[in-house]
Amino acid sequence: MASNGNNVAKAKYESKMPPFYYKPTFLDCQLLREQWIRAKYERKEFIHSEKQEPYSAGYREGFLWKRGRDNGQFLSRKFVLSEREGALKYFNKNDAKEPKAIMKIEHLNATFQPAKIGNPHGLQITYLKDNSTRNIFVYHEDGKEIVDWFNAIRAARFHYLQVAFPGASDADLVPKLSRNYLKEGYMEKTGPKQTEGFKKRWFTMDDRRLMYFKDPLDAFARGEVFIGSKENSYKVLEGLPPSTQGNHWQHGITIVTPDRKFLFACETEDDQLEWITTFQKVISRPMLPQEYAVEAHFKHKP
């Protein structure tokens, strides 16, 4: 950097960087930042494109440690990512003919969650099953391996979206390849009649889906709430209705949707402010055409 300057060095070391490869920021976990530096300067992957095959070939298979849905144990499982088949699959046994799960690339997301999973290489993979979110928690001992899997998923999503939206530019597609959650943490919630007691739940705000879980590492959400835009009569209010009872935590939030009100309570004022800010950002964003279809599905859920 001293002899060349940042721009010259960047032009050299990122000259063949694929658009889908995730370029971390200071906010990302240590693993992503370290592997980015090693890929760029040590392995020189963005100078020699043949070194990009592990994540750009359109097919990848290997073993990852996967957390069991019921017992929480991590067991070695075979994973296969195929762009041609449009899916990521995993198998419970090495010689199994049929996969345990087929995750369509169209609905796939991956985000590093080292603190939640309790492993510095922990990756959370989510997909839609019967239009409900399913979580899978995996890791690999080798940092390069798990980051290559992450970028292979992004590459598959990139190529899928290029076909789905032929007129879109790379700049339009790249933000859609994977997404980090807008916010996660504990809140209390009550049921639709608002007469039941409040229960502590783990909440995840994923784009416009607010999901709640009994445990942060549950495979399925206990419930999901769609959060639309202010133009469609969604709003967030500080506090709870005066008649509310049963909340242990005092810092309330009311989300108003066209159908009903959702009541939440936070442990601290800081938590309350952060959640309100997150909800307001989502509500202030106009809805996209495809989001109306998602909203309609939520309204007709049994």
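**Exercise 1. Place serine 233 in the fold, then work out whether it is buried or exposed, or in between.**

Start with the location: serine 233 sits in the loop that links strand S11 (223–226) to strand S12 (235–238). Strands here are DSSP runs of E with at least two residues, helices are runs of H or I with at least four residues, and both are numbered from the N terminus. Next, the surface: serine 233 has a relative accessibility of 48%, so it counts as partly exposed. The cut-offs are under 20% relative accessible area for buried, over 50% for exposed, and partly exposed in between (1.4 Å probe, protein chains only). Last, check the backbone: phi of serine 233 is near 70 degrees, a positive value in a residue other than glycine.

Before going on, a word on the source: this is a predicted model, where local features need pLDDT of at least 70, side-chain atom pairs count only at pLDDT 80 or more, and totals for chains, interfaces and linings use all residues. Residues are numbered from 1 along each chain as its sequence is written, and side-chain values use heavy atoms, with hydrogens and water left out.

**Exercise 2. Do the same for lysine 44: where is it found?**

Look between helix H2 (30–42) and helix H3 (53–56): lysine 44 is in that loop. Its phi is near 50 degrees, again a positive value in a residue other than glycine. With 30% relative accessibility, lysine 44 counts as partly exposed.

**Exercise 3. Which residues does glutamine 194 contact, leaving aside neighbours within four places in sequence?**

First find the residue: glutamine 194 is in the loop between strand S8 (183–189) and strand S9 (199–206). Then list its partners, Lys261 and Leu263; contact means heavy atoms within 4.5 Å. Now take the lysine: glutamine 194 and lysine 261 are 67 residues apart in sequence, yet 9.1 Å apart in space, C-alpha to C-alpha. To finish, glutamine 194 counts as partly exposed because its relative accessibility is 27%.

**Exercise 4. Why does threonine 133 count as buried?**

Threonine 133 belongs to strand S7 (residues 132–139). Its relative accessibility is 5%, and therefore it counts as buried. For its surroundings, skip residues up to four places away in sequence; the residues it touches include Tyr127, Leu128, Met211 and Phe220.

**Exercise 5. How many disulfides does the structure hold?**

The count is 0, where a disulfide is a pair of cysteine sulfur atoms within 2.5 Å. As for individual cysteines, cysteine 29 counts as buried at 16% relative accessibility, and cysteine 266 is buried with a relative accessible area of 0%.
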